[in-house]
Amino acid sequence: MCQPSCHTDNAERQTLGRREFLRLGALGGGAVLLGSFLPRTALAAGGTDALLLSCMDYRLVDDTERFMAGMGMRNKYDHVVLAGAALGAITPKFPAWNTAFWEHLQVAIDLHHIHQVIILDHRDCGAYKVVLGQDFGQLPDVETKVHAETLMQLRQQILAKYPQLQVQTYLMALDGSVQQIVPRS
Ligand SMILES: [Zn+2]
């Protein structure tokens, strides 16, 4: 839920946004063009309670937004994008990506006081193929299992560091449908 203080944060952010907009406008040229499509979305802030981690895959950008809107979170979440989503955050193959995730999570906590992390992996993920060297095309059950293990691993790492957070984990298919992955009880 939005704490009273976050309304203040939003107000400050909007003020800064306007100032930034005016400054950009004063530069002229390309900055004016940039300003012309900035305002509405930039001022649509209403507080956030969550950080979403998703893959970069262009095929699922709209589905990801639809999924979040379906959860009642349109324009209400911070968003970190890493190829492979959960895998990108934990694979030793790309340590800079791991660092980027943890640093962004810390910023989301410090800046927006988020209470939950939503991790959204997806099927047919190129990053999983690159990092793990395996194509799950004809093996949906194996694919589910590998994603579930990776999602649970990141979930545990997040909870070990930030026990106050809630972590939800999901797997999206290429048609945009989503299944929740829950930890074994
Ligand atoms: Zn992917």
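**View 1. Phe67 is a buried residue of this predicted model, at 13% relative accessibility.** Buried means under 20% relative accessible area, exposed means over 50%, and partly exposed lies in between (1.4 Å probe, protein chains only). Residues are numbered from 1 along each chain as its sequence is written, and side-chain values use heavy atoms, leaving out hydrogens and water. Because the model is predicted, local features need pLDDT of at least 70 and side-chain atom pairs count only at pLDDT 80 or more, while totals for chains, interfaces and linings use all residues.

**View 2. Aromatic rings meet edge to face at Phe67 and Tyr170.** Rings of Phe, Tyr and Trp (its six-membered ring) pair if their centres lie within 6.5 Å; planes under 30 degrees apart are stacked, over 60 edge-to-face, and the rest tilted. A search of the whole structure turns up three aromatic pairs. In one of them, the ring centres of Phe67 and Tyr170 are 5.0 Å apart, with 70° between the planes. The two residues come from distant parts of the chain: Phe67 sits in helix H4 and Tyr170 in strand E4 (residues 166-172), 103 residues apart. Helices (H or I, at least four residues) and strands (E, at least two) are DSSP runs, numbered from the N terminus. Tyr170 is buried, at 7% relative accessibility.

**View 3. Phe101 and Trp102 form an edge-to-face pair.** Their centres lie 5.1 Å apart, and the angle between the planes is 70°. Phe101 is buried, with 0% relative accessibility. Trp102 is buried too, at 15%.

**View 4. Three residues coordinate the zinc ion: Cys55, His122 and Cys125.** The donor atoms are SG of Cys55, NE2 of His122 and SG of Cys125, at 2.0 to 2.3 Å. Donors are N, O and S atoms within 2.8 Å of the metal (3.2 Å for Na, K and Ca); water is not among the atoms, so sites may look incomplete. Along the sequence the donor residues follow the spacing C-x66-H-x2-C. Cys55 and His122 link distant parts of the chain, 67 residues apart. Cys55 lies in the loop between strand E1 (50-54) and helix H4 (61-70), whereas His122 belongs to strand E3 (residues 116-122). How accessible is Cys55? Cys55 is buried, at 14% relative accessibility. His122 is buried at 4%, and Cys125 is buried at 3%. A disulfide is a pair of cysteine sulfur atoms within 2.5 Å. By that rule the structure has zero disulfides.

**View 5. Arg66 pairs with Asp62 within helix H4.** A salt bridge is a side-chain nitrogen of Lys or Arg within 4 Å of a carboxyl oxygen of Asp or Glu. The whole structure holds eight salt bridges. Here the closest N and O atoms are 3.6 Å apart. The two residues are four apart in sequence, about one turn of the helix. Arg66 is exposed, at 53% relative accessibility. Asp62 is partly exposed, at 43%.

**View 6. Arg59 and Asp57 join in a salt bridge, 2.6 Å from N to O.** Arg59 is partly exposed, at 31%. Asp57 is buried, at 13%.

**View 7. Arg123 bridges to Glu143.** The closest N and O atoms are 3.1 Å apart. Arg123 lies in the loop between E3 and helix H7 (126-132) and Glu143 in helix H8 (residues 140-161), so the pair ties together parts 20 residues apart in sequence. Both residues, Arg123 and Glu143, are buried. Elsewhere, salt bridges with shared partners join Asp57, Arg59, Asp124 and Lys129 into one network.
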